[in-house]
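Notebook open, structure loaded. I want to go through the internal spaces, then the sheets, then a single residue.

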Amino acid sequence: MIQALNSAMDVMLERDPGVVVLGEDVGYFGGLFRTTDGLQRKYGEHRVLDTPISELGIVAASIGMAVNGLRPVAEIQFADYFYPASDQIVSEAARLRYRSAGEFTAPITIRMPCGGGIYGGQTHSQSPEALFTQVCGLRTVMPSNPYDAKGLLIASIENDDPVIFLEPKRLYNGPFDGHHDRPVVPWSQHALGEVPEGHYKVPLDSAAVFRPGSDLTVLTYGTMVFVAEAAAAESGIDAEIVDLRSLWPLDLPAIVASVQKTGRCVVVHEATRTSGFGAELVALVQEHCFYHLQAPIERVTGWDTPYPHAQEWAYFPGPARVGAALLRTMEA
């Protein structure tokens, strides 16, 4: 996925002279996870900018660039660090089109590595997607594989709205099914690791059926797509797994079609449970699919605690927890 994200930025830097990349260590060092490796050498220091350690400054500078015709791609080194930039994201970037009656837009893409599974502890493992999906004027995206990552990032950069682009760190080097004690499978050995060269887009606001099935629907995104796949295989349940990809705006028709077909629904995400994005998904399914449901909707999430370093896998919603929820839903 690292190479796919790098390719997306490379394509857009070459295609559009208004695209700039900025963030901490994104230039000379090539990014903490090497997602911007080589871009400064190719496009120069005025297109790929190393910034001071100031998330507020990174986003504020991006807004200034955007209103003057550029398309900044800003990197927040970890999603956990976005909080100092909250006012700029929420009060400025998200509101700009509305406040200016459409005279100005903020075509900013803010990339943030998120999620756990790398022993990052409480300050390097958070999944803050629900904090963004509630903000009018923001788009929130989270890919689960390299093909989608490149296509969605290109679509985000070309979009005139500010986009929060969340990248599950545990998926950077390969799919992860939640079995931390097994060897890592690289993307080069997975079908979704094949990424076309050049320019292509995956439409924003679109979900994808990752795994067709008839017993129940799993609504999920990011790393949990592969955890849900493992849980379905291990429990023997023919689950239809819907990868949301775009969390907001949401592809509601795809969700409704799947749940109405299967009659059962399990929502899975890594973020904390209370007020997590899964609560919105449960409410939407209840509103739009009530008369099709044959069992209560289940949620499998992280716990309402900081992400614990010593108890990483007790917090992480692994295939055993997801599988148990699938079985309960089928037995209800």
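Which element gives the largest share of the lining of the largest cavity? I looked it up: S11 does, with three residues. Note to self before going on: this is a predicted model.

**Cavity**

I searched the whole structure for cavities of 30 Å³ or more and got one. I get about 80 Å³ of space for the largest cavity. I count 13 residues in its lining, and nearest the centre I find Ser127, Met142, Tyr221, Thr223 and Glu270. By class, I noted six nonpolar, five polar and two charged residues around the cavity.

**Pockets**

Next I turned to the open spaces. The largest pocket holds about 280 Å³. Its lining has 20 residues, and I wrote down Gln126, Ser127, Pro128, Ala271 and Thr272 as the closest to the centre. I then checked which elements give two or more residues to this lining, and they are helix H6 (129-133) and strand S11 (265-272). So much for the elements; by class I have nine nonpolar, nine polar and two charged residues in the lining of the largest pocket. I see Ser127 twice in my notes: it is listed among those nearest the cavity centre and among those closest to the centre of the largest pocket.

The second largest pocket comes to about 220 Å³. Its lining includes Arg170, Asp177, Arg182 and Glu229, and also Phe176, His179 and Phe226. The class split here is seven nonpolar, one polar and four charged.

**Five-stranded sheet**

S11 made me look at its sheet. I find five strands in an open sheet of mixed pairing, ordered S7-S9-S8-S11-S12. Strand S7 (208-211) and strand S12 (298-302) are the edges, each pairing on one side only. Ignoring direction, I get an average turn of 25° between neighbouring strands.

How do S8 and S11 pair, parallel or antiparallel? I find them parallel, with three bridges between S11 and strand S8 (residues 216-220). One bridge I wrote down joins Val218 to Val266 in S11.

Two helices pack on this sheet. Helix H10 (residues 277-289) touches S8, S11 and S12, and I get about 160° between its direction and that of S11. Helix H12 (residues 319-331) also touches S8, S11 and S12, with its direction at about 170° to that of S12.

**Seven-stranded sheet**

I then traced the other sheet. This one is open and mixed too, with seven strands in the order S2-S1-S3-S4-S6-S5-S10. Strand S2 (48-50) and strand S10 (246-248) each have a single partner strand, so one side of each is left without a neighbour in the sheet. The twist from one strand to the next averages 20°.

At the S10 end, I checked strand S5 (residues 139-141): it pairs with S10 in the antiparallel sense over two bridges. Thr140 sits opposite Trp248 of S10.

**Pro72**

Last lookup: a proline in strand S3 (residues 71-75), namely Pro72. Is Pro72 buried or exposed? I get 1% relative accessibility, and the cut-off for buried is under 20%, so Pro72 counts as buried.

I also listed what Pro72 contacts, leaving aside neighbours within four places in sequence: Val20, Leu22, Ser62, Met65, Ala66, Pro107, Ile108 and Thr109. Val20 is 52 residues away along the chain, yet the C-alpha atoms of Val20 and Pro72 are 4.8 Å apart.

Key. Residues numbered from 1 in each chain as written. Predicted model: local features only at pLDDT ≥ 70, side-chain atom pairs only at ≥ 80, totals over all residues. Heavy atoms only, no water. 1 Å grid on protein atoms, 1.4 Å probe; cavity = no way out; pocket = protein on both sides within 12 Å on 5 of 7 lines; lining within 4 Å. Points joined across faces, edges and corners; volume = space filled by probe spheres on them. Helix = DSSP H or I, 4+ residues; strand = E, 2+ residues; numbered from the N terminus. Nonpolar A, V, L, I, M, F, W, Y, C, P; charged D, E, K, R; others polar. Pairing = 2+ DSSP bridges. Axes fitted to C-alpha atoms, helices over the stretch in contact; angles between N-to-C directions. Contact = heavy atoms within 4.5 Å. Buried < 20%, exposed > 50% of the residue type's maximum accessible area, 1.4 Å probe, protein only.
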